[in-house]
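Me: I'm a first-year student, and I'd like a close look at one part of this model: its aromatic rings. Could you set the scene first, and then go through the rings step by step?

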Amino acid sequence: MGECDFFVSYATPDEGWAEWIAWQLEEHAGMSAFLQAWDFRPGSNFVEKMDEGASRCDRTIAVLSENYLNSRFGRAEWQSAFRNDPNGEKGLLIPVRVGECDVTGLLGQIVYVDLVGLDEDGAHEKLLAGIAFGRAKPADAPPFPGARRAKPSFPGALPALWTLPHRRNPHFTGRQDELAALAAALRGGGPAAVTPLTGLGGVGKTELATEYAYRHAADYDAVLWLRAEDPESLAADYAALAGSLNLPEAAEAEQAHAVAAVRAWLDRHGRWLLVLDNATQPAEVEPFLPRGGTGHTLITSRWQAWGGTATPVAVDVWPRDQSVAFLTRRTGTADEAVAGDLADVLGNLPLALSQAAAYMDATSTDLARYATLYKERGEALRAADPSGTDNTVATTWSLAFDHLTGDGAALLRLCAVLAPDAIPLDVIADGAGHLPPPLDGTAADPLRLDAAVADLRRFSLVDVANGTVSIHRLVQAVTRDRLTADDRTTWVAAALELIGAALHPFPHNAFDADVAAVYTRLLPHAMAAAAATDNAGAAPEILGRLLNHVGIYQWMRAEFAASKAAFERAVAIDEAAFGADHPNVAIRINNLGSVLQDQGDLAGARTAYERALAIDEAAFGADHPKVAIRVNNLGGVLQAEGDLAGARAAFERALAIGETALGPDHPKVAIRVSNLGNVLQAEGDLAGARAAFERALAIDEAAFGPDHPEVATDVNNLGGVLRAEGDLAGARTAYERALAIDEAAFGPNHPNVATLVNNLGEVLHAEGDLAEARAAFERALAIWEKTLGPDHPNTRIARDILRALADGTA
């Protein structure tokens, strides 16, 4: 008998399987195992250790996969066991198949244990039965000890938290050096290790990151994939992780707090992989990088200079031998010379090679014929456009495009003007009526839509996973470049219509988490379609409306800078499309005024409201309900500036218009009544103010119920006048009710909540409870600093109050 029961022979890509098998043997079958991952220590001689394992152990398990069958060392290890038991009578060699592969030759004579397609329980049972030790009931997994589990995870299972949008590429080839370098960099990088994968477009950075995630899935409890191409998409995806992690901040309107909560979770936990795909440059991802925890962050980017953030792993085109191996395996040819010639022509670019192989597979074209077609088409494209870029991908794309169906070609054109990642097929199907022919009919018919997707996929033009389509950015660029000016206008307009129809306004202009989730999913596509209009001039009225919706969403999430930019662009587009005095322009300018007012730019807000008012008065007359909206908003900024007489006149006018047009009990009338109450209170008319607030509260409770944010506003206003009248207990009760409503509606860290916390602090201070008052003011200051910035008037006032409390002057 040897010193060890089993030598586990495997190829490096299957290390997860080897560890899992060894664990089953030692923990559940009472056997001992010898394997590279556990017994080959740094500095040891690999060949000597391999020989030691084969000689010390009674039997050998060969972990079968395509990787193993192509491994020189693996062949030597199983042949050593085979020589001692060629007939298999002693059971010295037990093949265990873990991946799809064709087992032929001498190894094919031995019956293998097949784990392919089984879940963990089934694989466990079959493995132990296959080595003739009977069935053993698995024990509970050991408690989590720190950075690494005591028990290897089942390699066939993905972590429970897995947001990777790509399927594993069954044709993944080579890259062993890069994978090893990536694993070493992440494992050796200390807490919250960060490693960028850098390289030119088309070399396979995203494919490499995807393969790493699948290959090392057993090392992580969470694999989190984020779109990092632009700051808006990255922030939205990062905040959306709060929902995946079941964090309470997921329900908050304030996006910055959801982002902070996710980063705090990552800082506290380990065994996670965070992938930021297609990042543009370090400055844009730096705010999202965890600072602690024992997880890993993997970045893919064309940007090369990451020295201040991390040491990158460079990804280049394939070495020639890998290109040849890929082509021969994909096409089934043995002619490595022809494959090498084609690889040279394609510059060993993985994207181009993948498209070439897909073309040959789909059309039954051999390597030599494809090489001829490629040369002829490339010459034609260069003749037509001598300055054209990305000619390699353009040529492979052109050959594939010739064979697409009309439905497939139309779908590809739509995908070219949306964001490249996670294009939702359900949105395309639901928005069929907004698409031009033939895609309108295709999208409306599930079978035709599936066929169109399959058409693109078989030519390796898109990737499909989780009900979405993703397209490489170079393929997008080539597709857009090949559109005529009219076609580009048509498809950009269709994309705007499609996404715009899916982005519904928020009900009652109040934050809604379900509606916000739709915006998070579609925001990258909205921004991509909007960006595509720069060169297309498509559908300005649709674009202006889309940007207005996006601006409102960003305003509700307190992303004021992004919201301002969206509204400013919407104003410019509508001015150019409709003229400076069109009612659509008034809507956009009014919304821009709201953002400016929240940013503390009262003069800018007043100018915006005055212009919107002038437009609507000219368009609708002095007594139209739209005019009342503009007058009411203008009254708010006049009051903020201290012009109480002007504010009172504005609110009284808005109220009169609303009562005439809508009746005395309409919610919009309640807004005007409440605003008028604020001015009356500021002027010292406390009785008039209290009557106004009580009327507004009664209207809104009847319209919305007792727990709506509008009711919170009314209750807060009533609390203010009660405090001014000296009824501190009544004021405190009112503020506490309003605070509970807004915390439920917006989350604990929204600017509205900060206002209510501050108001409650003032009552607590007046009651003499200085400790609780200080805690309230500190909470309000923290919220305002994060959401409004350190120089906002509210923030400065909160700091002044705390300073006064500290020195005893408050």
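**Aromatic rings and their surroundings**

Reply: Happy to! The accessible surface of the chain is about 33,800 Å², and carbon and sulfur atoms account for 51% of that. Please keep in mind that this is a predicted model. The chain has 810 residues, and 51% of them count as buried. Its secondary structure consists of 36 helices and 14 strands. Along the principal axes, the C-alpha atoms fill a box of roughly 105 × 70 × 45 Å. If you take the contacts between residues at least 6 apart in sequence, 68% of them join residues at least 24 apart.

Now for the rings. Searching the whole structure turns up 11 aromatic pairs. Let's begin with W78 and F82, whose ring centres are 6.1 Å apart and whose planes make an angle of 85 degrees, so this pair is edge-to-face. The label follows because planes over 60 degrees apart count as edge-to-face. Where do W78 and F82 sit? Both belong to helix α5, residues 72-84, and because they are 4 residues apart there, about one helical turn separates them. Here is a handy piece of background: an α-helix has 3.6 residues a turn, so residues three or four places apart point the same way. As for their surroundings, W78 and F82 are both buried.

Another pair shows a second arrangement. The ring centres of W397 and F401 lie 4.7 Å apart with the planes at 20 degrees, so this pair is stacked. This time the cut-off at work is the one for planes under 30 degrees apart, which count as stacked. W397 and F401 are found in helix α16, residues 391-401, where a spacing of 4 residues puts about one helical turn between them. How accessible is W397? Its relative accessible area is 5%, so W397 is buried. F401 has 19% relative accessibility and counts as buried as well; the limit for that word is under 20%.

It helps to see why two numbers are quoted for each pair: a pair of aromatic rings is described by the distance of the centres and the angle of the planes. Rings can also gather in groups. Y359, Y370, Y374 and F459 make up one aromatic cluster. Along the chain from F459 comes S460, in the loop between α20 (446-458) and β13 (463-465). S460 has a positive phi, near 60 degrees, although it is a residue other than glycine. With a relative accessible area of 22%, S460 is partly exposed.

Aromatic residues also turn up as partners of other side chains. T60, in strand β3 (residues 57-64), is buried at a relative accessible area of 5%. Apart from residues up to four places away in sequence, T60 touches F7, S9, A81, L92, L93 and I94. One of these, A81, belongs to the stretch 72-84 that forms α5, the helix of the edge-to-face pair we began with.

Something similar can be seen around A279, which lies in strand β9, residues 270-279. A279 is buried, with a relative accessible area of 3%. Its contacts, beyond neighbours within four places in sequence, include W306, along with A228, V285, I299, T300, S301 and R302. A228 is 51 residues away from A279 in sequence, yet their C-alpha atoms are 4.8 Å apart in space.

Finally, let's compare notes with a helix where the buried residues lie on one side. In α6 (residues 120-130), the buried residues include A123, H124, L127 and L128. Viewed down the helix axis, the buried residues of α6 fall within an arc of 120 degrees, so they line one face. D121 and A129, on the other side of α6, are exposed. The buried residues of α6 pack against α1 (15-28), β4 (93-97) and β5 (113-114).

To recap the two pairs: W78 and F82 meet edge-to-face, whereas W397 and F401 are stacked.

Key: Residues are numbered from 1 along each chain as its sequence is written. This is a predicted model: local features need pLDDT of at least 70, side-chain atom pairs count only at pLDDT 80 or more; totals for chains, interfaces and linings use all residues. Side-chain values use heavy atoms; hydrogens and water are left out. Helices (H or I, at least four residues) and strands (E, at least two) are DSSP runs, numbered from the N terminus. Buried means under 20% relative accessible area, exposed over 50%, partly exposed in between (1.4 Å probe, protein chains only). Contact means heavy atoms within 4.5 Å. Accessible areas come from the Shrake-Rupley method with a 1.4 Å probe; for residues, only the protein chains shown count as cover. The arc is that of the directions from the helix axis to the C-beta atoms. Rings of Phe, Tyr and Trp (its six-membered ring) pair if their centres lie within 6.5 Å; planes under 30 degrees apart count as stacked, over 60 as edge-to-face and the rest as tilted.
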